[in-house]
Amino acid sequence: MKRKTRQAAMLTAVALTFLLFNAALFTLGTWRCLPSADRGLRAKAIELDRYLPFDDDSEIVKVTGQLALSGELPVIDSASALYPVTSAFVHALYPESAVEFDGSDFTKDSRLQMRNTAGAYRAVVDGDSDIVVCAAPSEQQLQYAEQQGVQLRLVPIGREAFVFLTSSRNPVTSLTLQQIRGIYAGDYTFWSQLGGPHTPILPLQRAEGSGSQSAFLSFMEGHPTKKNYLGFLGAAIGFSFRFYVEDVVANGNVRMLAVDGVYPDLEGVTSGGYPLVSEFYAVYDAANDNPNIPLLIDWFLSEQGQDIIEQTGYLPLA
């Protein structure tokens, strides 16, 4: 009887360990991309005030831009992961009076916004933002633009690595592209099939319309994904963009997986060996006739704009 009690206690402890890790990965990675009616909570989750323009304590790249703008300044919006870049752009080129921050979010009159990928794409279609800096749009976002009679123009301005994450305690440190697709397709259901412990695999996904979810669906190349019906029972695998998870990885509880034997650190990504590197874009409505839009995009692609992208932690185009 005591032996059964000890075994039950051990199983409970193991289950709790997996539960805590999976909850942490969900909170640090997935939850921050979920749509929410409370923009204040979402803003706090991505720490808008940590990357504010015109703030002495801001962590953005601070330069003075070599471009003079006049007339109506375009509203610049972005995905959460790319907000440090757009904030640095605004800091370089806009007057301080163009940005209004109320302590938790940007006001409706601010020329800098951060609505996340889903909100930014809707805003550029609806005319609430002029330029959004995001990963490629989802099929639903393209359909919404088409329904509203808006032709989106996407101009590549930088590159970033798409990464997969798991617990730092997981002995599996590297997977192939085929194995990762197999996990999400349901071909692999236990880590023991991939060299790890005999523990169920919990494949996490993101909210529909988020930049990382759109990148994931592109990665799957049309292969159907199977949902996990084990709840939080198992050891998770998730995904995001490299810059967005660097702080999470630094805490020691989560690691980025090598893919096809190449780890997605800066060396692996810049060498061309890491296979999951894609472009991000400056996106605008083709019918928007604000003359500052092409000027800004040309500047994003200039040496100074590309240097901001690189110094922030992303990859320039060249």
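**Helix H3 and its surroundings**

In this predicted model, the buried residues of helix H3 (residues 83–93) are Tyr83, Pro84, Val85, Thr86, Ser87, Ala88, Phe89, Val90, His91, Ala92 and Leu93, where buried means under 20% relative accessible area with a 1.4 Å probe and protein chains only, and helices are DSSP runs (H or I) of at least four residues, numbered from the N terminus. Because eleven of the eleven residues of H3 are buried, this helix is largely enclosed by the rest of the structure. Residues are numbered from 1 along each chain as its sequence is written. Local features need pLDDT of at least 70, side-chain atom pairs count only at pLDDT 80 or more, totals for chains, interfaces and linings use all residues, and side-chain values use heavy atoms, with hydrogens and water left out.

The largest nonpolar core holds 52 residues, of which Tyr94 and Phe300 touch the most other members; such a core is a set of buried Ala, Val, Leu, Ile, Met, Phe, Trp, Tyr and Cys residues joined through side-chain atoms within 4.5 Å. The largest share of this core, seven residues, comes from H3.

The axes of H3 and helix H10 (residues 292–300) come within 12 Å and cross at roughly 110°, the axes being lines fitted to C-alpha atoms over the stretch in contact, with angles from 0 to 180 degrees between N-to-C directions. H3 is therefore roughly perpendicular to H10, a term covering angles of 65 to 115 degrees. The contact (heavy atoms within 4.5 Å) is made by Phe89, Ala92 and Leu93 of H3 together with Leu296, Trp299 and Phe300 of H10.

Note on methods
Buried < 20%, exposed > 50% of the residue type's maximum accessible area, 1.4 Å probe, protein only. Helix = DSSP H or I, 4+ residues; strand = E, 2+ residues; numbered from the N terminus. Parallel < 35°, antiparallel > 145°, perpendicular 65-115°, else oblique.
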